[in-house]
Amino acid sequence: MGASSDAVSALRPTAVLQGHADEVCESNFSLDTSPASGRARVLSGDREGMILMWDIEANTPRTGAGGLGAQQVSAVSEFRGHQATVEDVCFHPKSDVEFCSVGDDKRLLFWDERASKDPTLSMPQWSQCDLHCLDWNETDVNLLVTGTA
């Protein structure tokens with residue numbers, strides 16, 4: 001059965017991710033967490049075409065954070081390549097530094113944090129429509145799917 005409303009209202013974040021501008025804050029719906037072992041990383045895109053990456057474990061205490069209040073965590077990397085809203089981001093299934101993104105600019109972009117803060121591969125006009133979602137297959141890393149509206 002579901003959690004009681006008292007239990008849910010008692011929940012508090014252990015970390016608050018900082019970096020996106022306040023005026024675009026409500027648009028940060030493109031989120032992904034790294035499935036790779038190693039660092040716990042989070043990606044987020046915004047309406048300005050910017051993608052931010054956070055390293056949660058490097059910035060958040062493992063114990064006691066909930067009782068002390070949420071820790072403000074700054075992004076470790078910033079990526080710019082989209083010319084419109086970033087609709088979705090997705091980590092490579094076996095890497096915490098490689099990822100891809102899609103956006104309203106109809107582009108599919110591939111990124112590697114080790115190489116550059118610019119896309120390592122750009123697929124312009126990947127679709128005739130805005131790209132809204134993508135997913136990278138966990139068992140066949142050569143399979144990537146995108147979706148439009």
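**Two sheets, their cores and the cysteines**

Visitor: Four strands form an open sheet with antiparallel pairing; in what order do they stand?
Guide: This is a predicted model, in which local features need pLDDT of at least 70, side-chain atom pairs count only at pLDDT 80 or more, and totals for chains, interfaces and linings use all residues. Residues are numbered from 1 along each chain as its sequence is written, and side-chain values use heavy atoms, with hydrogens and water left out. Strands are DSSP runs (E, at least two residues) numbered from the N terminus, and two of them pair if DSSP finds at least two bridges between them. The order of this open sheet is 7-8-9-10.

Visitor: Which strands stand at the edges of this sheet, and which residue of strand 10 is the bridge partner of Leu 109?
Guide: Strand 7 (86–91) and strand 10 (121–123) each pair on one side only, and are therefore the edge strands by the pairing rule of at least two bridges. Strand 9 (residues 108–112) runs antiparallel to strand 10, and three bridges join them. The partner of Leu 109 in strand 10 is Ser 122.

Visitor: Why is one side of strand 2 and of strand 6 left without a neighbour in the sheet?
Guide: These strands belong to an open, antiparallel sheet of four strands in the order 2-3-4-6. Strand 2 (30–33) and strand 6 (77–80) stand at its edges, so each has a single partner strand.

Visitor: Which strand gives the most to the largest nonpolar core?
Guide: A nonpolar core is a set of buried Ala, Val, Leu, Ile, Met, Phe, Trp, Tyr and Cys residues joined through side-chain atoms within 4.5 Å; buried means under 20% relative accessible area, exposed over 50%, partly exposed in between (1.4 Å probe, protein chains only). The largest core has ten residues, including Met 53, Phe 91 and Trp 111. Strand 4, strand 7 and strand 9 each supply at least two of its residues. The most, three residues, come from strand 7.

Visitor: Cys 90 and Cys 100 are among the residues of another core; why do their sulfurs form no bond?
Guide: A disulfide is a covalent bond between the sulfur atoms of two cysteines. Here it is assigned to a pair of cysteine sulfur atoms within 2.5 Å, and the structure holds zero disulfides. Cys 100 has the cysteine sulfur closest to that of Cys 90, but the two are too far apart for a bond, at 5.1 Å.

Visitor: Is Cys 90 buried or exposed?
Guide: Cys 129 is partly exposed, with a relative accessible area of 34%. Cys 90 has 7% relative accessibility and so counts as buried.
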